[in-house]
Amino acid sequence: MSAPPSVLYDAPGPKALRRHRVIAVVSVLVFVLLAALAAVRLNSTGQFEADRWAPLYWPGDDSFPSVWNQIRIGIQNTLLAAALAIVFSLILGTVLTTLRLLLGRYSRLPLVLVAEVLRGAPVVILIFFAARVLPQFGVNLSQLWYLVIGLTAYNFVVIGEILRAGVAALPRGQREAGLAIGLTPRQAVLLIQMPQSFRLMLPALISQLVVIVKDTSLAAVVLIGPQELLNTGRRIEGFLDNPLQTYMLIAILYIIINSLLGRLAVFTEDRLSRARGQGSGDDDAAVPAGRSGADAPAGTT
Amino acid sequence: MDVLVDNFDLFVGGFLGSLRIIAYSLVGSLVLGAILAMMRVSPVAPLRQFGSGYVSVVRNSPLTVMLFFTAFVLPELGFNRPFFQLGVIGLSLYTAAFVCEAIRSGINAVPDGQAEAARAIGLTFSQSLGSVVMPQALRTVVPPLGSVVIAMMKNSAIVGAFGVGGDLYSVGSRLTSAQGFAALPVLTGVLLGYLAITLPTAAILSRIEEKVAIVR
């Protein structure tokens, strides 16, 4: 595997290649050494014992069916919560952005204020808020709904920002052409600007879905009960007494779900840039500018 | 609203506790992230692969899972430390992947022509790196790195939710569940505490951004 083109260094000559090879060998040795040390530690604490792993992968094990049945339910609930949260966030985010575009500078101030507060708050606090405050006002829902409400409260603002960035990225002429053919400003926003913004920002919206899937796991620390994926893992681990193995499996499941979504985001990005006639052969296609820019702030939560 | 006034010192203590988590994690994640970024742009293939493997694993799994590993699995392996340290380790390991990506995107954003021009006028490798490439890369890094840092500050609440104790989240949790105060005022106080951390940081970052902005 050759080094990617980089502004940091020239193509290496024979001497540099030799040096790189030495560093490569040394670093591989260091990684192997670290892995060996870890393996020794794992072995001495009994992590390789078969009965810690068997219920997770061996269909003949007594616990296998119930473990995987629980995991199936966990995945369903995680995906359900994420799906509900993204749908509500999309609806509210669209409303928020549309209002922000249509209202005057002063009448949209309260909206901006609410958006800023929700965006500056940790999601985990918002979920906690939903679970604690709503019951005190007589709204009693299942725990999964508190999760969905908390996630929506944060993510509709983020999605609103993504859509606003999409509108801002459109050529000025789009809106002007709409107004020129006699659309009202409201029609121009609803019929011309927002639809194009959705299309433009589709990859960023999918990336935000990854964040939402990840954040559903917050239920495991804040709420009592909703059997989403991580809480399921917690329950299985409490039963089998194998935290390392179970959480590893849970992490792998999250990684599979999210890398599929990530791949979908890259795929739509490619499709879109090809549709715009830019071609996907250039270097930027690998790291779509819109996506990396848009998911940097959001992708971290 | 009396809760806020009566327990003001508790809130201040929680605020400082959160700042403590944030400060340690900031240092940890910036150092680790910079090391990972160096690995990812290095010409040595194994280092590069390790870096990108780490980033793709961490970015696709929730912080909560990472914290479950550091808080529940590490002690199982004989690594017994206070919860505070385990939480900070988890948050740093997680945030490092995002710091790495921010730094790498900054380095990649420097046009090739800049380095080529630097070589063309006869600058050595370290000169071109030090006075042409890095200054531009660092400026481009400010906005994405800033969002990573702000997200980390908000994520410190998750560390608190693990029961570190003494941070804003745990103050809110204790007052509402154990002592049974009305949730709305308490949690509003907690929220204000977090906003008092994130909003000034955002303001400072955008000042820095303006100062170092370059016209391309």
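Me: What pattern does chain B follow when it is read along the sequence?

Reply: Let's start there, keeping in mind that this is a predicted model. Going along the sequence, chain B reads α-α-α-α-α-α-α-α-α. That agrees with its count of nine helices and zero strands.

Me: And how many helices and strands are there in chain A?

Reply: Chain A comes to 13 helices, again with zero strands. Its pattern along the sequence is α-α-α-α-α-α-α-α-α-α-α-α-α.

Me: What box do the C-alpha atoms of chain B fill?

Reply: Taken along the principal axes, the box is roughly 70 × 45 × 25 Å. Within chain B, 49% of the 216 residues count as buried. For chain A, with its 301 residues, the buried part is 40%.

Me: What share of the contacts in each chain joins residues 24 or more positions apart?

Reply: Take the contacts with a separation of 6 or more as the whole. In chain B, residues 24 or more positions apart account for 72% of them. In chain A, the corresponding share is 73%.

Me: Now the helices. How do I describe two that pack together?

Reply: Two packed helices are described by the angle between their axes and by the distance between those axes. Try α2 of chain B, residues 8–41, with α7(B): the angle is about 125° and the axes are 9 Å apart. That angle makes α2(B) oblique to α7(B). The crossing of this pair is right-handed.

Me: Which residues make the contact between α2(B) and α7(B)?

Reply: From α2(B) come B:Ser18, B:Ile21, B:Ile22, B:Ser25, B:Leu26 and B:Ser29. From α7(B) come B:Val149, B:Met152, B:Met153, B:Ser156, B:Val159 and B:Gly160. Sorted by class, the contact has seven nonpolar and five polar residues, with no charged ones.

Me: Where do the axes of α3(B) and α5(B) stand, and at what angle do they cross?

Reply: Their axes come within 9 Å and cross at roughly 120°. This makes α3(B) oblique to α5(B). Here the crossing is left-handed. On the α3(B) side you can find B:Gly51, B:Tyr54, B:Val55, B:Val58 and B:Arg59, and on the α5(B) side B:Tyr94, B:Ala97, B:Cys100 and B:Glu101. This contact has six nonpolar, one polar and two charged residues.

Me: Is a single residue such as B:Gly146 buried or exposed, and why?

Reply: You count the C-beta atoms around the residue. B:Gly146 is buried because it has 20 C-beta neighbours inside 10 Å, and 20 or more is the cut-off for buried. You will find B:Gly146 in helix α7 of chain B. While you are there, look for B:Gly122 too: the two glycines are 24 residues apart in sequence, and their C-alpha atoms are 35 Å apart in space.

Me: Where in chain A is A:Asp241, and is A:Asp241 buried or exposed?

Reply: A:Asp241 lies in the loop between α11 (229–240) and α12 (243–275) of chain A. A:Asp241 is exposed, because 12 other C-beta atoms lie within 10 Å, and 12 or fewer counts as exposed.

Me: What is phi of A:Asp241?

Reply: First, the general idea: most residues other than glycine have a negative phi. For A:Asp241, phi is near 60°, a positive value in a residue other than glycine.

Me: How many residues are in the largest nonpolar core?

Reply: That core has 124 residues. Those with the most contacts inside it are A:Val124, A:Ile125, A:Ile127 and A:Val222. Helix α6 of chain A, residues 143–169, gives the largest share of this core, 15 residues.

Me: What does A:Val222 touch, leaving out residues up to four places away in sequence?

Reply: A:Val222 touches A:Val124, A:Ile127, A:Phe128, A:Ala131 and B:Ala161.

Me: B:Ala161 belongs to chain B, so to speak of both chains: how many residues does each give to the contact?

Reply: Chain B gives 54 residues and chain A gives 50 residues. On the side of chain B that touches chain A, several helices each supply at least two residues, among them α3 (45–60), α5 (83–109) and α9 (183–212). The most comes from α7(B), with twelve residues. By class, that side of chain B divides into 40 nonpolar, ten polar and four charged residues.

Methods
Residues numbered from 1 in each chain as written. Chains lettered and ligands numbered in written order. Predicted model: local features only at pLDDT ≥ 70, side-chain atom pairs only at ≥ 80, totals over all residues. Contact = placed C-beta atoms within 7 Å. Helix = DSSP H or I, 4+ residues; strand = E, 2+ residues; numbered from the N terminus. Nonpolar A, V, L, I, M, F, W, Y, C, P; charged D, E, K, R; others polar. Axes fitted to C-alpha atoms, helices over the stretch in contact; angles between N-to-C directions. Parallel < 35°, antiparallel > 145°, perpendicular 65-115°, else oblique. Left-handed = near helix turned anticlockwise from the far one by under 90°. Core = buried A, V, L, I, M, F, W, Y, C linked by C-beta atoms within 7 Å.
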